[in-house]
Amino acid sequence: MAWRSCSVLLRLTGEDVFRSSARGGSFQQRCGFRKVSKKPESKKVEEELDPPKLPESSEAVAPRRTPVAPLLAPQASPTSPRAFSRLVRPLIFTVGFTGCSFGAAAIWQYESLKSRVQSYFDELRADWLEKLRPQKRGDVRKEINQWWNSLSEGQRTVTGIIAVNFIVFLCWRVPSLQRSMIKYFTANPASKTLCSPMLLSTFSHFSFLHMAANMYVLWSFSSSAVSMLGREQFMAVYLSAGVVSSFASYVCKTTTGRFGPSLGASGAIMTVLAAVCTKMPEAKLAIIFLPMFSFTAANALKAIVAMDTAGVVLGWRFFDHAAHLGGALFGVWYILFGHELIWKNREPFVKMWHDLRTGGGPGGGNGSDGGTGAA
């Protein structure tokens, strides 16, 4: 089984500088894009993946992974390579999960607004008690709180996502869990388990460098994305994007008959990247190692979409182009149309939730508009 990948490191600074660098690799992916494997020639379900030695490039030599890779068990192809009936359940799951994500985000925002006043008084009380309490030097909890408060809202929002990705990465290192990881944390339309891996695979990274690069990009864009959408809407978009990009990968693999497992957060991250570039098209971007060459975010997005479109049409196997393209197009669509169609029409749902919580009393429905979305 051959694994090939290509990636781009992206960073948006406070001066709207977008930094990116590209590297090529094998299964040991170096920078954040979703992996896709070719269909194995052998009929044996399990085969050991030992990453091949990478050739030296002008930038760096990717270190060869020494530990034995886990047994990645690609599923056998369905009887008919173009069995589109298998995509019905993933489609229903994609639509249903997206709706539930935005519904939960609306409720989350409603509850956050209700608790904001109470939190304000709690903070006043905590500050008053802190003044009465004798100060301790080297208090670890105090240092952690200071660090946490120094982060932007976007960075605090994605900290949980990064933690989940790290936990899943550690689970890949446990031999007894590898069969379950392959079954539930790799997305493959030829697998018997179709729906749950569409979400779980977006938190799954086998290579540490692959995970680190993806999380670096997410961390870099988090402040801009969350300030633009608000944390609740951002989480709904991010989770939905993971499922949408997986479904795009399913469609492409079923159409071409090239089945294989994919994993990685790149599809969801491409949505975040595309959303920021669409909302801030004039932001100046640059390649991370070539800061003297700058270009606009709009041009960068066009280049990424063009590359992934070419990859889908020409059948490139460097990485899962369909997942990247699906994520990028979803980000563009959401900024242009989705925010108006979905998020700004959440008021009836929030009012229904308010009436449910208050026993259907009069005067409900307030607090549905938290001012966290783009205008």
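Ile161 touches Phe203, Leu218, Phe234, Met235 and Tyr238 once residues up to four places away in sequence are set aside. In this predicted model, Ile161 is also one of the residues that touch the most other members of the largest nonpolar core, a group that further includes Trp172, Leu218, Leu229, Phe234, Tyr238 and Ile269. That core holds 60 residues, and its largest share, 10 residues, is supplied by helix α7, which covers residues 231-256.

Thr159 is found in helix α3, which runs over residues 153-172. Thr159 counts as partly exposed because its relative accessibility is 22%, whereas buried would require a value under 20%. With its neighbours within four places in sequence left aside, Thr159 is in contact with Trp148, Leu151 and Trp219. The C-alpha atoms of Thr159 and Leu218 are separated by 9.8 Å, although these two residues stand 59 residues apart along the chain.

On the scale of the whole protein chain, the model contains 11 helices and 10 strands, and 46% of its 375 residues count as buried. Of the contacts between residues at least 6 apart in sequence, 75% join residues that are at least 24 apart. The protein chain exposes about 19100 Å², of which carbon and sulfur atoms supply 62%.

Part of the surface is a nonpolar patch of about 470 Å², made by Met307, Val313, Leu314, Trp316 and Phe318. Within this patch, Met307 has its place in helix α9, which spans residues 297-314, and Met307 counts as partly exposed because its relative accessibility is 31%.

The unreviewed UniProt entry lists residues 91-110, 157-174, 194-213, 233-252, 285-305 and 325-343 under "transmembrane region". For residues 91-110, the model gives a span that is 100% helix and 0% strand, with end C-alpha atoms 29 Å apart. For residues 194-213, by contrast, the helix content is 55% and the strand content 0%, and the end C-alpha atoms lie 27 Å apart.

A search of the whole structure finds four salt bridges, and the table gives three of them, with the distance between nitrogen and oxygen.

| Salt bridge | N to O distance |
|---|---|
| Arg231 and Glu232 | 3.3 Å |
| Lys344 and Glu340 | 3.5 Å |
| Lys351 and Asp355 | 3.2 Å |

The partners of the bridge between Arg231 and Glu232 fall into two accessibility classes: Arg231 counts as partly exposed because its relative accessibility is 29%, whereas Glu232 is buried, with a relative accessible area of 4%. In the bridge between Lys344 and Glu340, Lys344 is partly exposed at 40% relative accessibility, and Glu340 is likewise partly exposed, at 41%. As for the bridge between Asp355 and Lys351, both residues lie in helix α11, which covers residues 347-357, and they are four residues apart, about one turn of the helix. Lys351 is itself partly exposed, with a relative accessible area of 39%.

Methods
Residues are numbered from 1 along each chain as its sequence is written. This is a predicted model: local features need pLDDT of at least 70, side-chain atom pairs count only at pLDDT 80 or more; totals for chains, interfaces and linings use all residues. Side-chain values use heavy atoms; hydrogens and water are left out. Helices (H or I, at least four residues) and strands (E, at least two) are DSSP runs, numbered from the N terminus. Buried means under 20% relative accessible area, exposed over 50%, partly exposed in between (1.4 Å probe, protein chains only). Contact means heavy atoms within 4.5 Å. Accessible areas come from the Shrake-Rupley method with a 1.4 Å probe; for residues, only the protein chains shown count as cover. Patches are made of residues with over 30% relative accessible area and no salt bridge: like charges are joined within 9 Å, nonpolar side chains (Val, Leu, Ile, Met, Phe, Trp, Tyr) within 5 Å. A salt bridge is a side-chain nitrogen of Lys or Arg within 4 Å of a carboxyl oxygen of Asp or Glu. UniProt positions are given in the numbering used here, feature names are shortened, and annotations may be inferred rather than shown by experiment. A nonpolar core is a set of buried Ala, Val, Leu, Ile, Met, Phe, Trp, Tyr and Cys residues joined through side-chain atoms within 4.5 Å.
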